[in-house]
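Here is a short briefing on one protein chain. Look at the structure first, then read on by topic.

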Amino acid sequence: MDGYIDCHCHLASPEFSKDIGSVITKAKEAGVRCALVVPDLKKELPEVCQLAESYPDFIAPALGIHPVQGIPPDDLRSVSAEDFEGVTEFIMKYKEQIVAVGEIGLDFTPRFIKSEMDKQTQRDVFRKQIQIAKSLDLPVNVHSRSAGRPVIELLKSEGAEKVLLHAFDGRPSIAMQGVQAGYYFSIPPSIVRSEQKQKLVRQIPLDRLCLETDSPALAAEKQTRNEPCNVRVSCDYIASIKKVSSEEVRRATTENALSLFPKLSRFFDR
């Protein structure tokens, strides 16, 4: 397959409000065929759908609610049961258009967890969204900050089979439990400065890896805006670690993404 796939990014983020068209043009010129766009905050659900309608030849939408909500950057908190109200109905409304349920998962970063109830609520919201994805036969696009083991354990206990773990921050030994369950792992450009991501790539076989940017976050250089065109950075760095060509990594990661997200094949049919 010719071209890259960015399996996880936030193009509905305010950081792209003024130049989204040029960002997409630049990505296409870099060989990116499509970007799987996920919402972060609940208010971004309709914005992701609107973006997909505006750029149907590049954006593949996913819908779901992230384990961290609130008002960025200073008023973020763990997701509440009230945050989840209406999310199921919104996902069902767009079930034909979306390619995955996400970004969903767990975030046990200490500043967001004020009590064990916060963790339980995150688990409940995560569990409900896994079941929605299963009912629609869609994959899940998963966040797992400071919660690698709990995320994989919950995914397995809920019978999730079609899984992308994005920017996984856990140990390789924990990641390998996901590999054994048939899950995929997407790698952002920040791998160039992350020893943890480099260790992951050494352990995870190429047939379980995908590319992502997590734009506008996780750029190769700290405190710079990331963009989908930078999936090439991830690709090239994975190639250097695996001691194979960038072309082999590009081909393998694209095939992996199409296997996990079959609806993306339409971007390669033209």
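Asp214 sits in the loop between strand 10 (209-211) and helix 8 (231-242). The model shown is predicted. Asp214 is buried, because its relative accessibility is 10% and the limit for buried is under 20%. Leaving out residues up to four places away in sequence, Asp214 touches His8, Cys9, His10 and His166.

**The annotated binding site**

- Which positions does UniProt mark as "binding site"? The unreviewed entry lists His8, His10, Glu103 and Asp214.
- These positions spread over 207 residues of sequence, yet they cluster in space. The largest C-alpha distance among them is 10.9 Å.
- From this set, His10, Glu103 and Asp214 belong to the lining of the largest pocket.
- His10 lies in the loop between strand 1 (4-9) and helix 1 (20-29).
- Is His10 buried or exposed? His10 has a relative accessible area of 6%, so it counts as buried.
- Beyond its neighbours within four places in sequence, His10 contacts Phe16, Val38, Pro39, Asp40, Glu103, Asp214, Ser215 and Pro216. Two of these partners, Glu103 and Asp214, carry the "binding site" feature in the UniProt record as well.
- Glu103 is part of strand 6 (residues 100-107). The peptide bond that leads into Glu103 from Gly102 is cis, with omega near 10 degrees.

**The largest pocket**

- How much space lies in the largest pocket? The volume is about 910 Å³.
- The lining counts 31 residues. Asp40, His66, Arg145, Asp214 and Ala217 lie nearest the centre of the pocket.
- Asp214 thus has a place in the UniProt feature and is one of the residues nearest the pocket centre.
- Asp40, another of the residues nearest the centre, is also a contact of His10.
- Strand 7 (residues 140-145) gives the largest share of the lining, with three residues.
- By class, the lining holds eleven nonpolar, nine polar and eleven charged residues.

**The loop between strand 10 and helix 8**

- This loop holds Asp214, Gln223 and Cys229.
- Gln223 is not a glycine, yet its phi is positive, at about 60 degrees.
- Gln223 has a relative accessible area of 86%, so it counts as exposed.
- Cys229 is buried, because its relative accessibility is 7% and the limit is under 20%.
- What does Cys229 touch, apart from neighbours within four places in sequence? Its contacts are Lys26, Ala27, Ala30 and Val32.
- Cys229 and Cys9 are 220 residues apart in sequence. Their C-alpha atoms are 11 Å apart in space.
- Cys9 is in turn one of the residues that Asp214 touches.

**Backbone geometry elsewhere**

- The peptide bond from Pro72 to Pro73 is cis, with omega near 0 degrees. Pro73 lies in the loop between strand 4 (68-71) and strand 5 (75-78).
- Ala167 has a positive phi, near 45 degrees, and is a residue other than glycine.
- Ala167 lies in the loop between strand 8 (163-166) and helix 6 (172-180).
- Ala167 counts as buried, because its relative accessibility is 13% and the limit is under 20%.

**The whole chain**

- The protein has nine helices and ten strands.
- How does the radius of gyration fit a compact globule? For 270 residues the rule expects a value near 18 Å, and the protein has 17 Å, so the two agree.
- The C-alpha atoms fill a box of roughly 45 × 40 × 35 Å along the principal axes.
- Of the 270 residues, 56% count as buried.
- Among contacts between residues at least 6 apart in sequence, 73% join residues at least 24 apart.

Key
Residues numbered from 1 in each chain as written. Predicted model: local features only at pLDDT ≥ 70, side-chain atom pairs only at ≥ 80, totals over all residues. Heavy atoms only, no water. 1 Å grid on protein atoms, 1.4 Å probe; cavity = no way out; pocket = protein on both sides within 12 Å on 5 of 7 lines; lining within 4 Å. Points joined across faces, edges and corners; volume = space filled by probe spheres on them. Helix = DSSP H or I, 4+ residues; strand = E, 2+ residues; numbered from the N terminus. Nonpolar A, V, L, I, M, F, W, Y, C, P; charged D, E, K, R; others polar. UniProt positions renumbered as here; feature names shortened; annotations may be inferred. Buried < 20%, exposed > 50% of the residue type's maximum accessible area, 1.4 Å probe, protein only. Contact = heavy atoms within 4.5 Å. Rg over C-alpha atoms; globule rule 2.2 N^0.38 Å.
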